[in-house]
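Biologist: I am new to reading models like this one. Please take me on a close look at one part, and then on to what else is worth seeing.

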Amino acid sequence: MNFEIKYKDARARLGVLKTPHGNIKTPALMPVIHPGKQTIKVEDYGAELVITNAYLIYKNEDLREIAINEGVHELINFDGPIMTDSGSFQLSEYGDVQITNKDIVKFQEKIGTDIGTSLDIPTPPSVKKVRAQKDLEITLQRAREALEVRDELMLNSVVQGSTYPDLRSECAEILGKMDFQVHPIGAVVPLMESYRYKELVEVVMASVTHLPDSRPRHLMGAGHPMVFALAVAMGCDLFDSAAYILYAEDDRLLMPNGTIKLENLHEMPCSCDVCTNHTPEQLRQMGKKERVQLIAQHNLLISFAEIRQIRQAIIQGNLWELVEQRCRAHPFLLEALRTLKNYSEDLEKYDPPYKKSAFFYSGPESLNRPEVYRHLMKMDRIPTQKSVLILPRSRKPYSEYLYDIPRRYYQLKGNEEITDIPLDDVQITVVDVPFGLIPLELDQVYPLAQNESPADYDEDSICMVNKVLLDYLKNFQTVFVSEDVWETFQLGGKFPMNIVHEIPENLKLGVDDNQRIKMIADYQFGTGAGEALFNGDVDIVKSRKTRKIRHVYADQELIATLRASDGVFVMGREGARRLHSFLPYPKNRVVVNQDAEPFAREGKSIFAKFVINCDIDIHAKEEVLIVNEEDQLLAFGKSVLNGKEILDFNIGQAVKTRKGGF
């Protein structure tokens, strides 16, 4: 199996799947090719991989002879990689097929398919659990059998289990320990056809969380572009469907936000070749065959355009925004999106913490994104002062506009006057949506500095911030809250309106540079990291142009550089040494074997196959330490994958090394 991840966002992976007939960029859509009936050259519209039905070929004597003698690629006139189904669809539709599992696997290999499929039992939704368990046992038995009879054939093995998440997880866990190359998630078409998207989310997440990260996942029968973004965000890499032609035969045009009936069209819906060169009336006046061909072409163009947009969103790091847009196209898709908040912990582990794109709030569902969940967890790493001053949001970065803050504050806890408290003993924190709390020292850190939300807060945001703020204020002996925050986030129910303070105009608020760098380090690496990295006398060097912190030195040795793009630290050699001394094994570490040790010392990147252990909590794009089995520091760099992926993959980069030479 040769699958490599290039970019990540949410649980999505933009990767490359290598097959005997070429490489496939994932996420990828496989149009269904009906053997003997296909009239559209799908590669002209973006298809790199297709799927056809080996059982239909086997049943038809003429097709079977061509496939055996000339190969399946010649039969369907497609030069790229071909996946074949085993007849499971016919089994689900008609209850029986005239071939055994062993024979269909051997036949797929004989006709030269790239990725074959064992003959699983596609259990429909909502059957009794006893039946689902019985069907699952047969599916697993046939999966084992398929491995015994295949020679070099790359094999699918389908995750089944009906709508029972525990059975899906059990099936995925067992199949993941076998030598398969791709894992379809099967029997979900009935869920999609009946708009049961909430259950689709539960089925998919129960499956992907128990499948190996190193293998592509294929959501079988998902062919409507309105579900692609959501499925990709959950970790699905491949899609197949005959929807492009089936919808065309019913005079329906696919769009990313739904389906349009030709009879209701007054204007063509997009700018594809079909829509720019024809009017709805012209299509209606055509003969059935010609009209179907044109609508099918539109459906393919729209579907592949959506796949390309999803890939671009993964690279930019704004896939969640696309998911939220698409899920607002249908109430049940929106329900499905909201269901994903039940999987926040899992999604956060796979979502890279630093991205190219800013965080744009698009509605209450944005509060459930991994970035928000992660920030609130990281807030627990930051030691608190005795006193806190809570400010409303202003222009960014907040610390540069403190002269513009409101002057009226309520004292909710404590007896000291604000003018009597040393400012270095006051934590100044901004309240904002969607992140709730932003300590002033972190106001230049991604994504806290790179986010936009409406000033007119919705009720969900107000409730969320209210809860977060009340929990936060428990940590302080003295609390001052701006009048704006007190009123906007409805604190009157917990704190009666108390003493009103007017902050003097001449009271200078600000952020101490030493406090800033230590808090960023705690936020990035864990409690105490700031003191460990920047203890003693350090020299802070700022940009002449922006006056923002750029480098931190000790005795002319570079400890760390504060990256301008996201406001987090990139280690220097001295910083890596200090961090290695401070963090207990295996925290933030990637452990390489003896073969890779000299390459690491030379500063060369680390490939996954040389990793023997790592911190399972590492995220992609985080600063990591590269060590040997004795925990000797060899190098440091930026992770490409998260901890689980690093341990599961056997190809591709795991860490882009910055410096070696220790």
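Through how many residues does a hairpin join β17 to β18?

Modeller: Through 3 residues. Some ground rules come before the details. This is a predicted model, with residues numbered from 1 along each chain as its sequence is written. Local features need pLDDT of at least 70 and side-chain atom pairs count only at pLDDT 80 or more, while totals for chains, interfaces and linings use all residues, and side-chain values use heavy atoms, without hydrogens or water.

Helices (H or I, at least four residues) and strands (E, at least two) are DSSP runs, numbered from the N terminus. Two strands pair if DSSP finds at least two bridges between them. Strands β17 (residues 426-432) and β18 (residues 436-439) run antiparallel, joined by 4 bridges. Asp432 in β17 faces Gly436 in β18.

Next, the start of the chain. Strands β1, β2 and β3 form, in that order, an open sheet with antiparallel pairing. At its edges are β1 and β3 (22-26), each paired on one side only. From one strand to the next, the twist averages 15°. Angles here run from 0 to 180 degrees between N-to-C directions, and axes are lines fitted to C-alpha atoms, for helices over the stretch in contact. Between β1 and β2 (residues 12-19) there are 6 bridges. Phe3 stands opposite Leu17 in β2. After β3 comes a loop that leads to β4 (28-33) and holds Pro27. The bond joining Thr26 to Pro27 is cis, with omega about 0°. Most peptide bonds are trans.

β1 also helps to line the second largest pocket, with 5 residues, the largest share. A pocket is found on a 1 Å grid over the protein atoms alone: it is an open set of points where a 1.4 Å probe fits, with protein on both sides within 12 Å along at least five of seven lines, and lining residues have an atom within 4 Å of a point. This one holds about 470 Å³ of space. Grid points are joined across faces, edges and corners, and the volume is the space filled by probe spheres set on them. Of its 20 lining residues, Lys6, Tyr7, Lys621, Lys638 and Lys656 are the closest to the centre. The lining has 7 nonpolar, 3 polar and 10 charged residues. Ala, Val, Leu, Ile, Met, Phe, Trp, Tyr, Cys and Pro count as nonpolar, Asp, Glu, Lys and Arg as charged, and the others, Gly among them, as polar. β30 (633-639) and β31 (653-659) each supply at least two lining residues.

Those two strands lead to another sheet. It is open, has 6 strands with mixed pairing, and follows the order β27-β31-β30-β29-β26-β28. β27 (606-607) and β28 (611-614) each have a single partner strand, so one side of each has no neighbour in the sheet. Helix α23 (residues 573-582) packs on this sheet and touches β26 (589-592), β29, β30 and β31. Contact means heavy atoms within 4.5 Å. The direction of α23 makes about 100° with that of β30. Strand β29 (residues 623-627) pairs with β30 in the antiparallel sense over 5 bridges. There, Leu625 stands opposite Phe636. Between α23 and β26 lies a loop with Asn588. Asn588 has a positive phi, near 60°, and is not a glycine.
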